[in-house]
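Here's a quick tour of a protein model, written for someone who would rather look at the fold than read a table. Keep the viewer open and follow along.

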Amino acid sequence: MKIQTKKRPLIAALGGLALLTASLIPAGTALADTPKNLNAKLDFDKAQEIVLKEAKQGKLVNLELEGKKNKVYYEATVLDGETEKEYKIDGNNGKVLKTSSENIADEAEDVKLSKATPKLSFDDAQKKAQEKYPNAKLYEVELDLNDNDQLIYKIKLVENNKKIKLKLDADNGKILSEKTR
């Protein structure tokens, strides 16, 4: 009998934890909004063009296709000196839905990234990934610094039910790592 009374609180605690975890998922989150199910009329190149035109100057360091509540949009980050500019672009009509900017003078890594000059352009990084996976759908490209302060591109694609993550050297385009799941 002692064993069963000890199990009850544990089972109740685990059940409560499961309910709490489920409640943390936003109510509007649709499980169908995974990269493979996101269909934007606006392609990556056009979204990039709109963001750079809107930003007027600066370096595009992140562009990602996302979706929520059956809406598809691109989120982008542009670094311009000590300013970080963020944009949300409608994935179907290209309309700028949201903009914001923030001073990043106190964020050394972002300032360093803003001043860095990769030899491989954002476009070339996309092309390298799509050459490697011609049937995959691109959904994120990010310029970043790794732990050794090496400039890299982090690229995410999806092909059929397989998610693909690549890291490319931003100077020579060499694939540094490749993960699929």
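## The sheet

The model is a predicted one. Its eight strands make an open sheet, ordered 4-3-2-1-5-6-7-8, with antiparallel pairing. The edges belong to strand 4 (96-103) and strand 8 (175-180); each has a single partner strand, so one side of each goes without a neighbour in the sheet. On average, neighbouring strands of this sheet are turned by 20 degrees against each other, direction ignored.

As a bit of background, strands of a sheet pair through backbone hydrogen bonds, and they can do so parallel or antiparallel.

## Strand 1 and its partners

How much of strand 1 is buried? Eight of its 10 residues are, so strand 1 is largely enclosed by the rest of the structure.

On one flank, strand 1 pairs with strand 2 in the antiparallel sense, over nine bridges. The two strands form a hairpin with two residues between them, and K69 in that turn has a positive phi of about 55 degrees. Strand 1 also pairs with strand 5, again antiparallel, over three bridges. N62 is a handy residue to click on here: its bridge partner in strand 2 is T77, and in strand 5 it stands opposite E142.

## Strands 5 and 6

Strand 5 (residues 137-145) and strand 6 (residues 151-159) run antiparallel and are joined by eight bridges. To line them up on screen, start from V141, whose bridge partner in strand 6 is I155.

A salt bridge links these strands as well: K154 meets D144, with the closest N and O atoms 3.0 Å apart. K154 sits in strand 6 and D144 in strand 5, so the pair ties together parts that are 10 residues apart in sequence. Are the two residues buried or exposed? K154 is partly exposed, with a relative accessible area of 28%, while D144 is buried at 11%.

## Helices on the sheet

Now for the helices. Helix 2 (residues 44-55) lies across strand 1 (59-68), strand 2 (71-80), strand 3 (83-90), strand 4 and strand 5. Helix 2 runs at about 125 degrees to strand 1.

Helix 3 (residues 108-115) packs on the sheet too, and the strands it touches are strand 1, strand 2, strand 3, strand 5 and strand 6. The direction of helix 3 makes about 105 degrees with that of strand 5.

## More salt bridges

How many salt bridges turn up in a search of the whole structure? The search finds six, including the K154 and D144 pair described above.

Another one involves helix 3. K112 forms a salt bridge with D149, and the closest N and O atoms are 2.6 Å apart. K112 lies in helix 3, whereas D149 is in the loop between strand 5 and strand 6, so this contact ties together parts that are 37 residues apart in sequence. Both ends count as partly exposed: K112 has 40% relative accessibility, and D149 has a relative accessible area of 44%.

Then there's K85 with D80, whose side chains meet in a salt bridge at 3.2 Å, N to O. K85 is buried, with a relative accessible area of 13%. D80 is partly exposed at 21%, and the cut-off for buried is under 20%.

Technical notes: Residues numbered from 1 in each chain as written. Predicted model: local features only at pLDDT ≥ 70, side-chain atom pairs only at ≥ 80, totals over all residues. Heavy atoms only, no water. Pairing = 2+ DSSP bridges. Helix = DSSP H or I, 4+ residues; strand = E, 2+ residues; numbered from the N terminus. Axes fitted to C-alpha atoms, helices over the stretch in contact; angles between N-to-C directions. Contact = heavy atoms within 4.5 Å. Buried < 20%, exposed > 50% of the residue type's maximum accessible area, 1.4 Å probe, protein only. Salt bridge = Lys/Arg side-chain N within 4 Å of Asp/Glu carboxyl O.
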